[in-house]
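Hello,

Here is the model we discussed. Please look through it before reading my notes underneath.

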Amino acid sequence: MEWLIQHVLEKYNFWVAMLIIIISLTAVIVKENLLKKLIGLSIFQTAMFLWYVSLGDVGRDILTTWGLKTGTPSILWEEAAEKGYIYANPLPNVLMLTGIVVSAATTAVALAIVIRIYQKYGTIEEDEIIEKEMEFEREGGELKNASS
Amino acid sequence: MLLVEHFPVLIVGLAMFCAYTMLLAGYLNRKLPFFISLAMNCVFFIMSLFVLDHVLNVGPIRYWQGGWRPPWGIEYVIDAMNAYLLVIVISIVILGLIYSRGNVKSEIEERKHPTFYTLVQLMAAGLYGITVTGDLFNMFIWLEIASLTAYALIAVAGGRALRPAYNYVIMGSVGAVLYLFGVGWIYSVTGTLNMADMRLLLPLVYDNRAVQMGFAMIVVGVMIKAYIFPLHLWQPDVYTYAPSTISSMMASVHVKVMFYMLMRMFYSVFTLDFIRHYIGLDLLTCWVAAIAILAGSIWAIKQRNLRRMLAYSSVSQMGYILLGVGLSPFSPWGLVGAVAHILNHAIGKGCLFMCAGAIRQQEGLKDIRDFEGIGKKMPYVSAAFTIAALSMIGIPPTAGFASKLFLILASLDAAQYPFVVILLLSGLLNLVYFWRVIDQIYFVRHEGTKNAGEAEGRGKPLPLSMVAPTLILAALCVIVGIIWLTDIPLPLLDRILSDLRMGVTI
């Protein structure tokens, strides 16, 4: 038990990230509302960024003159360089900058589609949409804009 | 450095550049983007042939972006597998573009044409990118470029396509993020993102849980994208309601490129040794594939909508490719079957979706039961459909026969006899659902269910730009089928097997 607590506390970033991932994936799977699904997806992506950025954390056990336990942010900073501090690994951070761009693009595309769905069906609840589709199919007609 | 060694990066870079040029040109004239895209893709096709020639005769091309050496910089690697796939992807994209010329007019509003072609070109650029890259994170970026444009292209159709498009956004993004997550796990252990470098570092840590976890996440993520059986749920709706051009392009090349990622993971980043001895995934893969083959076929039999039937048929055909990969630890024929089926399915399914789109455009028909008399009204399209369907079933001179032959040889060679039975049975199931359509097209006379004759008879004859690519693909089904049975592709297969380091040559 003690070992477990120590283990969790030592790497709490990763545990928290994993917890958020589980919560967000549940939202993606369970929620019927399309926007809530999308929010779940966004949180999922963000939690992964948190996990990735935590990877860049180096020099955990190295005590610097400041008493810092972790690497300083990976920004070229003359004073830190003179004193020989350890920088955090910049690669995961850089990767996640790209990841954030991708995530923003995904959200934008998804939101655009949600707006189109709302214009078409007048609702963003998945079960209601399916119901309407069945209705249209029974009548054999094509879908028309609900708002116009 | 030879000029040909710059071609891979030129193809990708110019494809991206060309896409944005097309968007600007679209403001001047709505017809320009199509011609720019067609011209550039023809140039890329010639380039890719040079690349294939170079790879076969000289060896893999390694291109260092900005001159940075591999573990640090992004490396583009073209070996025989990439070059082969690149040629397939570019040629199908060209045929799809030609087909779309006549098709988009009926399916998409005219003011959206420039953006439509821009998105198609961007999707193509993403696919080329996945094909040429040798870096795991770079692959994720190209994957997202190819996927995001695909989401938008599906939603362009509007109406019923919107909900499937949204489902695909959610599932596809979860897949892509899982892939990136898996890469992160492996990166956290090895500290590298370059595939070749990772292959060298990984064997030391095959026991590591993080590596195994990363592998699992990557495989699941990519399998969602490649709709391997239990993860195919987004796919049938998407293929049914997307614009015809996009269905055809996605079914023929988009999914092949996604599957190629899986093959890279299996053979180049990890090894068969890892899959066999540390994960124990070899026979399991075969069984998943077997279930996919049977389940896809059975669902296809139940469908009445032609495109939905083809979509389920695609699920089953992806099973064949996965079966080939799963059998490859036991027998080199397995990989040969998978590689052959990547080409054969791309041609055959592309042709079938083009036919479905053509029938919908000319006669306004979607339901298989209304198809009587199509054989007389649309002789060329029906002939193309029949040839491609025979290829899917696996009748001898066609392409599908060759890949089924290779897979059956692989199962026999590996002494996995159940798969022989499953392959033969699935051939029979394919016959059931394709024959139903062929029967309706040619032989049924006026037993029409509901609206025979009054099916809004748009009746305008199809433009040549739609019929020609369909016929070219149908002809290719036969030509490629014969070529596979001769010894012309042997040097290529030899190269692919040795580049994927199977260590065995036929």
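The notes below cover confidence, the chain contact and one helix pair.

This is a predicted model, in which local features need pLDDT of at least 70 and side-chain atom pairs count only at pLDDT 80 or more, while totals for chains, interfaces and linings use all residues. Residues are numbered from 1 along each chain as its sequence is written, and chains are lettered from A and ligands numbered from 1 in the order in which they are written.

Chain A has a mean pLDDT (the predictor's confidence in each residue, from 0 to 100) of 79, with 74% of its residues at 70 or more. Among the elements of chain A, helix α3 (residues 34-55) has the highest mean, 91, and helix α4 (residues 78-83) the lowest, 66. Helices here are DSSP runs of H or I, at least four residues, numbered from the N terminus. Over residues 62-68 of chain A, pLDDT stays under 50. Where pLDDT is low, the predicted coordinates should not be read in detail.

The contact between the chains (C-beta atoms, placed from the backbone, within 7 Å) takes 27 residues from chain A and 23 residues from chain B. On the chain B side, α5 (136-155) and α6 (162-190) each supply at least two residues, and α6(B) gives the most, with 13 residues.

Within chain B, the axes (lines fitted to C-alpha atoms over the stretch in contact, with angles from 0 to 180 degrees between N-to-C directions) of helix α12 (residues 282-302) and helix α13 (residues 306-327) come within 7 Å and cross at roughly 160°. α12(B) and α13(B) are therefore roughly antiparallel (over 145 degrees) to each other.

Regards

Conventions:
Two residues are in contact if their C-beta atoms, placed from the backbone, lie within 7 Å. Angles under 35 degrees count as roughly parallel, over 145 as roughly antiparallel, 65 to 115 as roughly perpendicular and the rest as oblique.
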